[in-house]
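Reader: I've got a model open and a few things I'd like to ask about it. Could you walk me through the fold, the ligand shell and a couple of odd spots?

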Amino acid sequence: MSHPVPQDNPIPTPTPSAAPGLTTTASPNNTSHHTIAFVGGGNMASAILGGLLKSGFAAERLHVIEPLASQRLQLEPLGVQVWAQPAAFLSQADLIIWAVKPQVFKAAAQDVAPWTHQALHLSVAAGITMASLSAWLQAPRVVRAMPNTPALVGLGQTGLFANAAVSPEDKTLIEAVLQSTGEWVWLANESLLDAVTAISGSGPAYVFYFLEAMCSAGESMGLSRQEAKQLAIGTLLGAGQLAAQSAETPAVLRERVTSKGGTTQAALEHMNQQALGEHFQAAMWAAHRRAQALGVEFGH
Ligand SMILES: NC(=O)c1ccc[n+]([C@@H]2O[C@H](COP(=O)([O-])OP(=O)(O)OC[C@H]3O[C@@H](n4cnc5c(N)ncnc54)[C@H](OP(=O)(O)O)[C@@H]3O)[C@@H](O)[C@H]2O)c1
């Protein structure tokens, strides 16, 4: 359902939920009385929205502000309240989720902030610092998050940092909202979000890059595209599960599949000769520097 920016949309007054203490198993039911507004209705917003709806969150309590008409059309089948621009309904929102690109954040905040000083804010924008968010939103309770796209299939990893005004109940609400997207970790320092960006935020692209190389090699060795794809993706999933379920370090697991004089050793020796590990780490530091630079570039 798409709304032509009504100013008087009747939104039920939210009743405060009896949120329990901070846990890592927050139930989405804890959020059932909350009203949540998304600013930006793209990939990240859709991942979180999809999870909330799947876990039973009432669509009428979910609002999305999305200026792009084609994107609004995509959101309509979800049954959530879709708006082309900010309006009075925002003052009823308990939680505002910021899912716009860093480049447009400041401009979007100028339009939305007048309605939302009382709300808890969750930003998923890469690099936009707590100092900028606090200045732009003029709201005391702000959480920064760095999610990743496997959130779309419920297997995401999210780094979270809360400012001092965020309460344990606020954190419980954030966790309930993120629950269906995968796992999260609360960070002690804001600067660690740049590391999260470099490792898990951008990480899926590194994995896809590696998969591309495995598939191409397989095909060049005579496998069909489908065979190579199945073998490469299956190996990645299997090795990931093995690492997740094992108490051993990745290094020990690697050594276990590397027999002396064998095929794996031949491949790993080649990787070491090319200093692939060092190059790979340098690439992640490049992502880390870019995350820091984004905050400087768009944070003023
Ligand atoms: N995708 C990822 O892997 C990932 C991972 C971690 C964090 N993030 C962060 O998540 C944020 C969103 O990323 P995304 O991939 O979801 O981007 P996206 O798909 O481009 O979605 C952003 C949406 O916000 C809309 N928008 C632009 N200006 C707006 C405004 N003033 N008010 C409301 N909506 C507005 C955009 O419309 P237009 O197209 O018309 O501009 C677009 O549809 C980014 O800050 C990114 O850093 C993304």
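Author: Happy to. Keep in mind that this is a predicted model. Among contacts between residues at least 6 apart in sequence, those joining residues at least 24 apart make up 65%.

Reader: And how many helices and strands does the chain have?

Author: The chain runs to 300 residues, 36% of them buried. As for secondary structure, the count is 11 helices and 9 strands.

Reader: Let's go to the ligand. Which element gives the largest share of the shell around it?

Author: There are 27 residues around the ligand, and Gly40, Gly42, Ala108, Ala125 and Ala126 come nearest. Two elements give two or more residues to that shell, α1 (43-54) and α3 (102-112). By class, the shell has 17 nonpolar, 8 polar and 2 charged residues. The largest share, 4 residues, comes from α3.

Reader: Now the helix pair α6 and α11: are they parallel, antiparallel, perpendicular or oblique to each other?

Author: Helix α6 spans residues 192-201 and α11 spans 276-298, with their axes 8 Å apart. The angle between them is about 135°. Over 145 degrees would count as roughly antiparallel, and 65 to 115 as roughly perpendicular. The pair falls in neither range, so α6 and α11 are oblique.

Reader: What is the handedness of that crossing, and which residues of α11 make the contact?

Author: The crossing of α6 and α11 is right-handed. On the α6 side, the contact uses Asp194, Ala195, Thr197, Ala198 and Ile199. By class, the contact has 6 nonpolar, 3 polar and 1 charged residues. The α11 side supplies Met284, Ala287, His288, Ala291 and Gln292.

Reader: How many buried residues does α10 have, and which residue with a positive phi follows α10?

Author: Helix α10 covers residues 263-273 and is hardly covered, its count of buried residues being 0. In the loop between α10 and α11 sits Ala275. Most residues other than glycine have a negative phi. The residue with a positive phi, about 55°, is Ala275.

Reader: Gln138 also has a positive phi. Is Gln138 buried or exposed?

Author: Gln138 has a phi near 50° and is not a glycine. Gln138 lies in the loop between α4 (130-137) and β7 (142-146). A residue with 12 or fewer C-beta neighbours within 10 Å is classed as exposed. Gln138 has 12 inside 10 Å, so Gln138 counts as exposed.

Technical notes
Residues are numbered from 1 along each chain as its sequence is written. This is a predicted model: local features need pLDDT of at least 70, side-chain atom pairs count only at pLDDT 80 or more; totals for chains, interfaces and linings use all residues. Axes are lines fitted to C-alpha atoms, for helices over the stretch in contact, and angles run from 0 to 180 degrees between N-to-C directions. Angles under 35 degrees count as roughly parallel, over 145 as roughly antiparallel, 65 to 115 as roughly perpendicular and the rest as oblique. A crossing is left-handed if the near helix is turned anticlockwise from the far one by less than a right angle, and right-handed if clockwise. Two residues are in contact if their C-beta atoms, placed from the backbone, lie within 7 Å. Ala, Val, Leu, Ile, Met, Phe, Trp, Tyr, Cys and Pro count as nonpolar, Asp, Glu, Lys and Arg as charged, and the others, Gly among them, as polar. A residue is buried if 20 or more other C-beta atoms lie within 10 Å of its own, exposed if 12 or fewer, and partly exposed in between; C-beta atoms are placed from the backbone. A residue is near a molecule or strand if its C-beta atom, placed from the backbone, lies within 6 Å of it.
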